[in-house]
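Reader: I'm new to this one. Could you walk me through it and tell me how you know what you say?

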Amino acid sequence: MRRVKIMDVFNHPIAQKYLNRSGVSHAIRVAGYAVQLAIKHDVNPDIAAKAGLLHDIGHYEWYTNGKWDYEEYKKNDIHAIKGAERAHKLLIRLGEDRQYAKEIALAILLHTDSYLPENSMKKNSLQQIVRLADEMDEEPFGKHHYREISREDALKKINRLDQEIEQLINEYRKTV
């Protein structure tokens, strides 16, 4: 049995604060894509979903004269660094396995190269999955961060994701 479910992470006040800032709909969709990719690439779907859900919790809102400034964001953003730190601290507080918390934080740290020299690091499968899942849901000029979703729909999607992961874990246990 998993120690920390996606719903536990999603409902935590710290996660809510930063997910609402970076886009709840985007976070949930990336978590879902991360699970699909994890299955294909033999990666733990639970940690892939958590990394996908939390990948943007380091975002800062870049505004100029009260309007979202995409160019300022692209020029000055270090959200992956801040997000990795926030995610790690949150997951440890919730009781996540320490090694998993570290793997999730590193996947968040490396989900974008916006602050690194192009292709300067070799990424492991989880790190590649989170990056690809994020790219699968992107829209031009960061508009994916502003997609709306009701709290009720968000909770339903998170619940379905938890059920899917639980089923995948149970199926895996039967094979070992």
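Author: Here is a chat about the helices, the core and a few single residues, starting with the note that this is a predicted model.

Reader: Okay, what is the chain built from?

Author: The protein chain has 9 helices and 2 strands. Going along the sequence, the pattern reads α-α-α-α-β-β-α-α-α-α-α. Buried residues make up 45% of the 176 residues. Of the contacts with a separation of 6 or more, 72% are between residues 24 or more positions apart.

Reader: Why are α3 and α4 called roughly antiparallel?

Author: Start with the angle: helix α3 (residues 24-40) and helix α4 (residues 45-54) pack at about 155°, with their axes 7 Å apart. Angles over 145 degrees count as roughly antiparallel, so α3 and α4 get that label. Their crossing is right-handed.

Reader: Which residues meet where α3 and α4 touch?

Author: From α3 you get Ala 27, Ile 28, Val 30, Ala 31, Ala 34, Val 35 and Ala 38, and they meet Pro 45, Ala 48, Ala 49, Gly 52 and Leu 53 in α4. By class, that contact has 11 nonpolar, 1 polar and no charged residues.

Reader: And what makes α2 and α6 roughly antiparallel?

Author: The reasoning runs along similar lines. Helix α2 (residues 13-22) and helix α6 (residues 79-94) cross at roughly 150°, and their axes come within 11 Å. The cut-off is over 145 degrees, so α2 and α6 count as roughly antiparallel to each other. The crossing of α2 and α6 is left-handed.

Reader: What kinds of residues sit in the contact of α2 with α6?

Author: Ile 14, Ala 15, Tyr 18 and Arg 21 in α2 meet Arg 86, Leu 90 and Arg 93 in α6. By class that gives 4 nonpolar, no polar and 3 charged residues.

Reader: Which residues of α2 are buried?

Author: Ala 15, Gln 16, Tyr 18, Leu 19 and Ser 22 in α2 are buried. After α2 comes Gly 23, with a positive phi near 115°.

Reader: You mentioned Arg 86. How do you know whether it's buried or exposed?

Author: Look at the relative accessible area, which is 16% for Arg 86. Buried means under 20%, so Arg 86 in this model is buried. Arg 86 belongs to helix α6 and, leaving aside neighbours within four places in sequence, is in contact with Tyr 18, Arg 21, Ile 57, Gly 58 and His 59. The C-alpha atoms of Arg 86 and Ala 15 are 8.9 Å apart, although the two are separated by 71 residues along the chain.

Reader: How about Asp 56, buried or exposed?

Author: Asp 56 has 4% relative accessibility. Set that against the cut-off of under 20%, and Asp 56 counts as buried. You'll find Asp 56 in the loop between α4 and β1 (63-64). Not counting neighbours within four places, Asp 56 is in contact with Ser 22, His 26, His 79, His 111, Asp 134 and His 145. Its C-alpha atom lies 7.4 Å from that of Ala 27, 29 residues apart along the chain.

Reader: What about Asp 42, then: buried or exposed?

Author: Asp 42 comes in at 73% relative accessibility. The cut-off for exposed is over 50%, so Asp 42 counts as exposed. Asp 42 sits in the loop between α3 and α4. Its phi is near 55°, a positive value in a residue other than glycine.

Reader: Which residues have the most contacts inside the largest nonpolar core?

Author: That core has 43 residues, and Phe 10, Leu 19, Leu 53 and Leu 54 have the most contacts inside it. Helices α1 (6-11), α2, α3, α4, α6, α7 (98-109), α8 (125-137) and α9 (151-175) each supply at least two residues of this core. The most come from α3, with 9 residues.

Reader: Take Phe 10. How do you know whether it's buried or exposed?

Author: Phe 10 has a relative accessible area of 2%. With the cut-off at under 20%, Phe 10 is buried. Phe 10 is in helix α1. Beyond residues up to four places away, Phe 10 touches several others, including Ala 15, Leu 19, Ile 28, Leu 53 and Ile 158. Between Phe 10 and Leu 53 the C-alpha distance is 8.0 Å, with their positions 43 residues apart in sequence.

Reader: And what does Leu 54 touch?

Author: Not counting residues up to four places away, Leu 54 touches Val 9, Ala 87, Leu 90, Leu 91 and Ile 108.

Technical notes
Residues numbered from 1 in each chain as written. Predicted model: local features only at pLDDT ≥ 70, side-chain atom pairs only at ≥ 80, totals over all residues. Heavy atoms only, no water. Axes fitted to C-alpha atoms, helices over the stretch in contact; angles between N-to-C directions. Helix = DSSP H or I, 4+ residues; strand = E, 2+ residues; numbered from the N terminus. Parallel < 35°, antiparallel > 145°, perpendicular 65-115°, else oblique. Left-handed = near helix turned anticlockwise from the far one by under 90°. Contact = heavy atoms within 4.5 Å. Nonpolar A, V, L, I, M, F, W, Y, C, P; charged D, E, K, R; others polar. Core = buried A, V, L, I, M, F, W, Y, C linked by side-chain atoms within 4.5 Å. Buried < 20%, exposed > 50% of the residue type's maximum accessible area, 1.4 Å probe, protein only.
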